[in-house]
Amino acid sequence: IGRVAFSSTRTTITPTAVESEPMANVIPDEVRIRLDVRTMSGVGEAEVLDILGGILGDLADDVEIVLGDTIPATSSPTGTPLWETLQRVGRRFFPGADLLPMLMIGGTDARVFRPGGTIAYGFGIYSGRLGMDEMATMGQGDNERIDVESLPLEPELWPAIVDASFGAS
């Protein structure tokens with residue numbers, strides 16, 4: 001849980017690719033490093049450049065930073081009709097449960113649709129066997145998975161959402 005809390009409360013920068021001279025016997029005069037930058041809501045390009053400048057320190061003048069695709073972090077409000085529908089559906093599976101908002105450290109297509117006014121949430125149903133500590137390590141990692149007990153819940157989830165939205169609640 002500590003890793004998720006850490007990553008959910010700050011901008012993270014992860015080097016994901018390094019490119020340089022392909023010959024083993026040549027010292028490259030240039031190296032390119034690709035970074036996966038995940039920002040907090042409200043953090044823009046200028047803040048990312050400041051963070052990178054601080055990391056580079058004395059090397060900053062010798063480094064050219066080229067920003068690639070920049071899509072700011074997004075969020076959707078709670079208390080919407082969709083939020084209320086998901087709350088009702090969650091209680092069908094787990095009576096008395098409350099829907100809680102949280103930050104997601106992974107990326108989804110929601111970041112593309114939200115700026116146009118679309119409300120989007122990440123929502124899933126998992127078995128009661130899983131604790132938050134285990135759930136925190138199951139997605140967006142090197143061993144992304146789901147427990148066997150949760151598998152039959154997913155096919156029940158989507159018809160329940162449609163039913164709660166348009167049918168009987």
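Helices (at least four residues) and strands (at least two) are DSSP runs, numbered from the N terminus.

**Figure 1. Overall fold of the predicted chain.** The model shown is predicted. Its secondary structure comprises six helices and two strands. Read from the N terminus, the order of elements is α-β-β-α-α-α-α-α. The radius of gyration is 21 Å, well over the 15 Å that the globule rule gives for 169 residues, so the chain is more spread out than a compact globule. Along the principal axes, the C-alpha trace spans about 65 × 35 × 25 Å.

**Figure 2. Burial, contacts and surface of the chain.** Of the 169 residues, 21% count as buried. Contacts with a separation of 6 or more were considered by sequence distance: residues 24 or more positions apart account for 61% of them. The chain exposes about 12100 Å². Carbon and sulfur atoms supply 56% of that area. Charged side chains number 12 positive and 25 negative. The centres of the two sets lie 9 Å apart.

**Figure 3. Close-up of Ser 76 in the loop between helices H2 and H3.** Helix H2 covers residues 45–56, and helix H3 covers 81–93. Ser 76 sits in the loop between them. Its relative accessibility is 17%; the cut-off for buried is under 20%, so Ser 76 counts as buried.

**Figure 4. Polar partners of the Ser 76 side chain.** The side chain of Ser 76 makes a polar contact with the side chain of Arg 114, at 2.8 Å. A polar atom of the Ser 76 side chain also lies 3.0 Å from the backbone nitrogen of Ala 120. Both partners recur in the contact list of Ser 76, which leaves aside neighbours within four places in sequence. That list reads Arg 114, Thr 118, Ile 119, Ala 120 and Tyr 121.

**Figure 5. Close-up of Thr 11 in the loop between helix H1 and strand S1.** Helix H1 spans residues 2–8, and strand S1 spans 12–19. Thr 11 lies in the loop that separates them. The side chain of Thr 11 reaches the backbone nitrogen of Met 40 at 3.5 Å. Met 40 is also among the residues that Thr 11 touches, not counting residues up to four places away in sequence. The others are Val 37, Arg 38, Thr 39, Val 43 and Ile 51.

**Figure 6. Thr 11 and Ile 105 across the chain.** These two residues are 94 residues apart along the chain. The C-alpha atoms of Thr 11 and Ile 105 are separated by 9.9 Å.

Terms used:
Residues are numbered from 1 along each chain as its sequence is written. This is a predicted model: local features need pLDDT of at least 70, side-chain atom pairs count only at pLDDT 80 or more; totals for chains, interfaces and linings use all residues. Side-chain values use heavy atoms; hydrogens and water are left out. The radius of gyration is taken over C-alpha atoms; the globule rule is 2.2 Å times the number of residues to the power 0.38. Buried means under 20% relative accessible area, exposed over 50%, partly exposed in between (1.4 Å probe, protein chains only). Contact means heavy atoms within 4.5 Å. Accessible areas come from the Shrake-Rupley method with a 1.4 Å probe; for residues, only the protein chains shown count as cover. Lys and Arg count as positive and Asp and Glu as negative; His and the chain ends are not counted. The place of a charge is taken as NZ of Lys, CZ of Arg, CG of Asp or CD of Glu. A polar contact is a pair of N or O atoms within 3.5 Å; within protein, one must be able to donate a hydrogen and the other to accept it, and residues adjacent in sequence count only if both atoms are side-chain atoms.
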